[in-house]
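Here are my notes on the model you sent over, written as numbered points. Keep the viewer open while you read, and click through the residues as they come up.

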Amino acid sequence: MKKLLCFAHRGASGHEPENTLSAVKRAVELGADWIEVDVYAVEGELLVIHDDRLERTTNGTGYVMERTLAYLRSLDAGKGQRIPTLREVFECVDRRVGVNVELKGPDTAYPAVTLINEYTCDYGWSYNQFIVSSFNRRQLRRVKIMNPDIRTGVVVDGIRRRYTRFARKHGLFSVHPRVDLVDAKFIQRARELGLKIFVFTVNTSQEIARLERLGVDGIFTDFPELIAGR
Ligand code: G3P
Ligand code: MG
């Protein structure tokens with residue numbers, strides 16, 4: 001059977017505060033193949049955080065996009081960790097595993113492509129160590145226009161299920177469906193389009209086994225040891 005790729009969802013977020021450097025480090029230690037992080041652009045800097053508001057994961061308040069970079073960087077994102085920049089995540093990973101950058105905020109495509117180009121041109125990374133994904137198809141289109149060598153993946157949830165026309169038109173690498181959308185028909189359609197299938201978010205061995213039988217390529221999990229440790 002082919003190797004099932006393990007994507008550490010927001011880092012090893014089942015063990016450490018999500019989207020922090022300690023979650024990234026832990027994911028690498030646990031043997032993840034990829035780290036997935038969510039990003040917003042603030043004052044030209046990509047910050048790693050999932051929600052558009054600060055309350056759930058930090059000691060701050062308000063919307064991420066309405067705060068200054070200095071304020072955001074002063075916050076505690078759990079266990080004394082700061083909200084990391086994407087650059088810090090790249091440094092921490094140091095080419096040991098791949099990085100899936102999920103564009104969450106507006107206007108994230110340009111800074112993400114710029115940073116990936118920098119790490120590819122100057123620091124020895126290769127394009128196949130990155131995947132840029134998003135629910136936001138406009139951001140994905142921009143990535144492809146700026147640099148067709150960067151692999152892109154469309155995130156598919158319950159609201160926006162239809163992606164096939166978009167995938168065909170924009171030369172996507174992968175589709176990232178929510179777990180409950182995945183069945184044999186979904187797999188067949190994605191295969192016809194030549195897409196890799198990476199499923200989120202799966203935290204039980206039973207569900208991982210079901211998806212592996214279906215033939216998916218990778219799984220996002222908060223507990224990388226469930227896949228990497230087998
Ligand atoms: O990219 C897969 C997954 O991370 C998408 O959902 O909300 O956890 O970012 P979310
Ligand atoms: Mg995500």
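1. Before anything else: this is a predicted model. Every distance, angle and area below is computed from it, so please read the numbers that way.

2. Let's start with the ligand. Which residues are around ligand 1? The list runs His-9, Arg-10, Glu-36, Asp-38, His-50, Glu-102, Lys-104 and Phe-200. Sorted by character, the shell has five charged residues, two polar ones and one nonpolar one. Phe-200 is the nonpolar member, because Phe counts as nonpolar.

3. Now the polar contacts to the ligand. The side chain of Lys-104 has an N or O atom 2.5 Å from an oxygen atom of ligand 1. For Glu-36, an N or O atom of the side chain is 2.7 Å from an oxygen atom of the ligand. Asp-38 also takes part, with a polar side-chain atom 3.1 Å from an oxygen atom of ligand 1. As for how covered the ligand is, on its own it would expose 290 Å², and the protein buries 92% of that. If you are browsing pockets in your viewer, look at the second largest one, where ligand 1 sits.

4. His-9 deserves a point of its own. This residue of the ligand shell lies in strand β1, which spans 5–9. Buried or exposed? His-9 counts as buried, because its relative accessibility is 9% and the cut-off for buried is under 20%. Its side chain makes a polar contact of 3.5 Å with the side chain of Arg-10, another residue around the ligand. A further polar contact, also given as 3.5 Å, links the side chains of His-9 and Thr-201.

5. Ser-134 is worth a click as well. You'll find this serine in strand β5, residues 130–134, and it is buried, with a relative accessible area of 0%. Where does its side chain reach? It goes to the backbone oxygen of Leu-103, at 2.7 Å. Leu-103 falls within β4, which covers 98–103.

6. Two backbone angles to check. Asn-19 is not a glycine, yet its phi is positive, at about 55°. Lys-79 is not a glycine either, and its phi is positive too, at about 50°. Asn-19 sits in the loop between β1 (5–9) and α1 (21–29), while Lys-79 is in the loop between α2 (69–73) and α3 (86–93). Their surroundings are worth a look: Asn-19 is buried, with a relative accessible area of 3%, whereas Lys-79 counts as exposed, at 62% relative accessibility.

7. Next, the start of the chain. Lys-3 is placed in the segment before β1 and counts as exposed, at 55% relative accessibility. How many residues separate Lys-3 from Gly-218 along the chain? The answer is 215, and yet their C-alpha atoms are 8.4 Å apart.

8. Some other pairs, for getting a sense of scale. Thr-57, in the loop between β3 (45–48) and α2, counts as buried at 17% relative accessibility. Measuring from C-alpha to C-alpha puts Thr-57 30 Å from Arg-141, with their positions 84 residues apart in sequence. Glu-88 belongs to helix α3 and counts as partly exposed, at 24%. Its C-alpha is 17 Å from that of Ile-131, 43 residues apart in sequence.

9. Last one: Pro-106. This proline is in the loop between β4 (98–103) and α4 (109–122). It is partly exposed, with a relative accessible area of 44%, a value that falls between the 20% and 50% cut-offs. From Pro-106 to Phe-166 is 19 Å, C-alpha to C-alpha, for two residues 60 apart in sequence.

Key:
Residues numbered from 1 in each chain as written. Chains lettered and ligands numbered in written order. Predicted model: local features only at pLDDT ≥ 70, side-chain atom pairs only at ≥ 80, totals over all residues. Heavy atoms only, no water. Near = heavy atom within 4 Å. Polar contact = N/O pair within 3.5 Å; in protein donor to acceptor, adjacent residues only side chain to side chain. Areas by Shrake-Rupley, 256 points an atom, 1.4 Å probe, with all protein chains shown as cover. 1 Å grid on protein atoms, 1.4 Å probe; cavity = no way out; pocket = protein on both sides within 12 Å on 5 of 7 lines; lining within 4 Å. Sits in = over half its atoms within 2 Å of the grid points. Helix = DSSP H or I, 4+ residues; strand = E, 2+ residues; numbered from the N terminus. Buried < 20%, exposed > 50% of the residue type's maximum accessible area, 1.4 Å probe, protein only.
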